[in-house]
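Good morning, everyone, and thank you for making room for me today. Before I begin, please bring up the sequence and the structure, so that we can go through them together.

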Amino acid sequence: MSRTALRICPLCEATCGLSVTVEEDVADGRELLGQGRITAARGDRDDVFSKGFICPKGAAFGQLDADPDRLTRPLVRRDGQLREAGWDEAFAAVQAGLRPVIEEHGANAVAVVLGNPNVHTVAGALYPPVLLSTLRTRNVFTASTVDQMPKHVSSGLLYGDPLAIPVPDLDRTDHLVVIGANPLDSNGSLCTAPDFPGRLKALRRRGGRLTVIDPRRTRTARIADRHLAIRPGTDALLLFAMVQVLFEEGLVDPGERAAHIEGVADVERLAAEFTPEAVAPACEVPADEIRTLARELAAAERAAVYGRIGASTVEFGTLTCWLVDVVNILTGNFDRPGGVMFPLSATGAAPRPPKPGRGFALGRWHSRVSGHPEAKSELPLAALAEEIDTPGPGPGHPGAPDGPVRAVIAIAANPVLSAPDGERLDRALAGAGFMVSVDPYLNETSRHADVVLPPPPPSRSAHYDFAFNALAVRNQARYTRAVLPLDEGRPDECEIHARLILCAGGQDGADPGLVDTMVIDAALGKAVADPHSPAHGRQPAELAAELTGESGAERRLDMMLRLGPYGDGFGADPDGLTLARLLEHPHGIDLGPLAPRVPGVLKTRGGTVDLCPEPIRATEAARLRATLDRRPEGLLLVGRRHLRSNNSWMHNLPALTGGTNRCTVQVHPQDAARLGLTDGGTALMKGDGGELEVPVEVTDAVRPGVVSMPHGWGHDRPGTRMGVAAADPGRNVNQLNCGTRLDVLSGTAVLNGLPVQLAPAPAIPAARS
């Protein structure tokens with residue numbers, strides 16, 4: 001017997017609605033697969049946001065959900081071997097491993113590592129912050145510092161809030177400039193937009209223009225009106241030159257937001273030396289092309305500049321992200337329809353009267369070994385290995401932990417593949433005193449854990465996009481409950497997280513629901529004391545009693561919706577949003593297009609946009625200026641995204657293997673001929689951190705002087721249980737990176753524009769007969 005059910009896809013940032021087919025009580029030849037399985041997935045045509053769009057990842061949802069390599073029971077290390085265990089035994093082992101470390105060496109002896117998949121689940125969004133507040137460790141590492149941290153830092157400096165990230169208003173813009181992004185393959189990132197290809201087609205239909213700045217001729221670049229094949233890592237130079245043109249030619253016009261912007265004259269002074277003629281040799285983009293683009297943006301009725309990972313994971317990532325916003329602001333395309341705008345998430349804070357905030361600070365503490373400053377309460381992921389394997393107190397950097405990391409909690413994280421110098425991190429994790437991993441797979445990182453806690457498949461979990469709705473190109477709210485029930489005795493992902501929090505606090509055995517109750521009581525206590533809250537003056541217990549939901553996580557969602565910008569305010573607005581109302585609309589509720597939010601969104605100390613923040617003014621512009629005469633020696637490495645992949649997650653699905661989803665080094669024909677490389681041959685590639693033998697793909701999709709490899713590969717280590725991935729392991733490109741090249745302000749690893757050397761791989765001598 002089959003049925004259909006709705007589900008929001010959790011496999012990338014597009015958050016598309018799915019209609020899945022469920023076969024009840026289906027056997028796969030070995031055993032009965034619980035209480036049914038998903039056998040097909042298609043786009044939900046009635047979804048208010050995605051309107052039926054689906055990509056190959058979403059279509060493979062059922063295969064991922066039923067992957068036979070997914071762990072179904074906890075693993076606990078006994079006598080050096082990971083063995084299946086019961087849930088109570090596993091959590092007892094977690095507490096027994098963590099508490100002695102904390103009690104003897106302090107909270108900073110525990111490192112928490114959070115991976116990218118956390119932002120794709122309800123549990124990953126709601127519970128890690130509680131874990132961090134329970135532990136109070138300064139050793140926090142996340143995927144952000146190999147991804148988008150520069151955007152958080154630039155937003156913090158500009159707007160006082162690192163989470164206030166303006167997104168392009170795709171559906172109303174006339175000229176979209178894409179820098180270091182390939183949304184036709186990534187489906188968009190820090191810009192939640194189902195059917196990005198369709199939105200770009202609509203842009204063209206209404207007479208708009210698309211400009212792509214990228215060293216690769218990506219799928220997105222192929223459909224652009226203009227493609228500027230820039231030299232990797234020089235985006236900040238090009239953007240600064242555009243700013244210089246805007247000032248020089250009198251094209252600066254911030255529009256209606258001018259009264260809320262400070263520092264325009266300071267930016268003009270910084271930009272003066274970055275003329276198009278000065279930057280053109282370094283960028284390898286003609287000066288007249290730079291001038292033309294600046295003029296076109298200034299002349300467009302509505303325009304938006306959008307930068308992503310290719311503009312973040314570079315030497316000047318924060319500076320580049322800052323300049324993206326500076327160009328939008330100076331051309332009057334900030335906080336207005338068709339420009340870049342701030343989404344208003346249904347679970348975000350309700351608007352308050354504008355007032356100055358506390359601002360944003362960097363470097364409140366530092367890492368122990370290399371003294372990296374924190375950013376957004378995180379340390380660089382590239383520093384994790386040295387914090388584990390370097391003994392002693394360190395040289396005494398301000399606020400640094402006083403000893404090495406002795407225990408690791410990794411949640412949905414595989415830094416052995418995602419961080420620089422995975423070989424060193426691999427060894428460091430093997431020598432860590434204790435490690436617990438929350439992960440559905442025994443992968444390159446979790447194989448080192450003493451306890452592995454596997455969450456259930458996504459079909460057996462509810463879904464709400466807390467993070468991505470705050471980055472969506474249209475305001476909306478959608479929630480889907482679990483499609484299939486949990487197997488008997490198996491906790492859901494939220495309970496796993498809650499019990500982990502209790503173990504960290506030495507309370508194993510307590511009711512996991514206490515964690516949600518604690519969070520709800522604290523949030524409601526704060527709300528009733530806030531004179532701008534609709535709950536002001538009421539009793540927290542009274543409000544808590546009104547919350548609905550089948551679980552603690554649902555009650556928390558209901559609370560956030562009620563207190564949010566569209567909420568009912570616990571009865572203050574009968575038509576307002578609640579969990580019950582959301583459940584009545586299974587295809588979601590459309591909350592309208594993006595609307596202006598300045599000055600209310602600003603949290604700087606001055607209550608304005610700080611267009612020329614001190615770290616930029618004091619050091620970063622001068623550091624960039626010093627690179628004007630720099631020329632690369634040899635080749636520069638950049639990454640690339642595949643439509644049928646998402647970091648290291650999806651290499652274990654047969655439906656997503658093959659085709660273009662291959663771990664090859666792409667080389668331009670001119671470079672291949674010069675270096676003696678052949679298509680389909682093997683090359684030896686060397687970088688700061690090591691060398692790899694990699695298969696060669698000769699293609700003009702990369703510009704001369706640039707080579708490209710995808711990351712997330714390298715599934716060849718023993719002790720993992722990912723059969724499909726191991727059959728085609730690829731090579732871990734991050735092993736070429738020693739981890740010492742970082743964006744100064746954000747601590748983000750330089751993954752693009754990395755110098756490498758390439759040569760034919762040495763031939764293997766034939767065996768003698």
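At what angle do helix α5 and α19 pack, and how far apart are their axes? Let me say first that what we are looking at is a predicted model. In this model, helix α5, which covers residues 128–135, packs with α19 at an angle of about 0 degrees, and the axes of the two helices lie 9 Å apart. An angle under 35 degrees counts as roughly parallel, and therefore we describe α5 and α19 as roughly parallel to each other. On the side of α5, the contact is made by P128, V130, L131, T134 and L135, while α19 contributes H497, L500, I501 and A504. If we sort the residues of this contact by class, we find seven nonpolar and two polar residues, and no charged ones.

Helix α5 also leads us to a sheet, so please turn to that next. Seven strands form this open sheet, and if you follow them across, the order is β5-β4-β17-β16-β15-β6-β7, with mixed pairing. The edges are β5, at residues 81–84, and β7, at residues 140–142, and each of these two strands pairs on one side only. On average, and ignoring direction, neighbouring strands of this sheet are turned by 20 degrees against each other.

Now let us stay for a moment with β4, residues 75–78, which has a partner in β17, residues 451–453; two bridges join these strands, and they run antiparallel. Within that pair, the bridge partner of V76 in β17 is V451, and L75 stands opposite V452. With β5, strand β4 pairs over four bridges, again in the antiparallel sense, and here the partner of L75 in β5 is E84. The strands β4 and β5 make a hairpin with two residues between them, and in that hairpin D79 takes a positive phi near 55 degrees.

Which helices should we look for against this sheet? One of them is α3, residues 87–105, which packs on the sheet and touches β4, β6, β15, β16 and β17, with a direction that makes about 125 degrees with that of β17. Another is our earlier helix, α5, which packs on the sheet by touching β6, β7 and β15, and whose direction makes about 165 degrees with that of β6. Helix α5 therefore takes part in two packings that we have now seen, one with α19 and one with the sheet.

Let me move further along the chain, to the second arrangement of strands. Here six strands close into a barrel, in the order β23-β27-β24-β26-β25-β28, and once more the pairing is mixed. Neighbouring strands are turned by 45 degrees against each other on average, with direction ignored.

We can take the barrel apart pair by pair. Strand β23, residues 635–638, and strand β27, residues 706–708, pair in the parallel sense over three bridges, and L636 stands opposite V706 in β27. Strand β24, residues 665–667, runs parallel to β26, residues 690–698, and three bridges join the two; in β26, the bridge partner of Q666 is E697. On β25, at residues 682–687, the pairing with β26 is antiparallel and extends over six bridges, with T682 opposite P695. Finally, β25 and β26 form a hairpin that has two residues between the strands.

I would like to finish with the spaces in the model. The second largest pocket has a volume of about 530 Å³, and 29 residues line it, with A462, D492, C494, S551 and A553 lying nearest its centre. The elements that give two or more residues to this lining are α4, α19, α20 and α22, and here you will recognise α19 as the partner of α5 from the opening question. By class, the lining of this pocket has 16 nonpolar, five polar and eight charged residues.

How many cavities of 30 Å³ or more does the structure hold? There are five, and the second largest cavity has a volume of about 100 Å³. Of the 14 residues that line this second largest cavity, K151, I165, P166, Y306 and G307 are the closest to its centre. The elements β8, β13 and α15 each give two or more residues to that lining, which divides into nine nonpolar, three polar and two charged residues.

Methods
Residues are numbered from 1 along each chain as its sequence is written. This is a predicted model: local features need pLDDT of at least 70, side-chain atom pairs count only at pLDDT 80 or more; totals for chains, interfaces and linings use all residues. Side-chain values use heavy atoms; hydrogens and water are left out. On a 1 Å grid over the protein atoms alone, a cavity is a set of points where a 1.4 Å probe fits but cannot get out, and a pocket is an open set with protein on both sides within 12 Å along at least five of seven lines; lining residues have an atom within 4 Å of a point. Grid points are joined across faces, edges and corners, and a volume is the space filled by probe spheres set on the points. Ala, Val, Leu, Ile, Met, Phe, Trp, Tyr, Cys and Pro count as nonpolar, Asp, Glu, Lys and Arg as charged, and the others, Gly among them, as polar. Two strands pair if DSSP finds at least two bridges between them. Axes are lines fitted to C-alpha atoms, for helices over the stretch in contact, and angles run from 0 to 180 degrees between N-to-C directions. Angles under 35 degrees count as roughly parallel, over 145 as roughly antiparallel, 65 to 115 as roughly perpendicular and the rest as oblique. Contact means heavy atoms within 4.5 Å.
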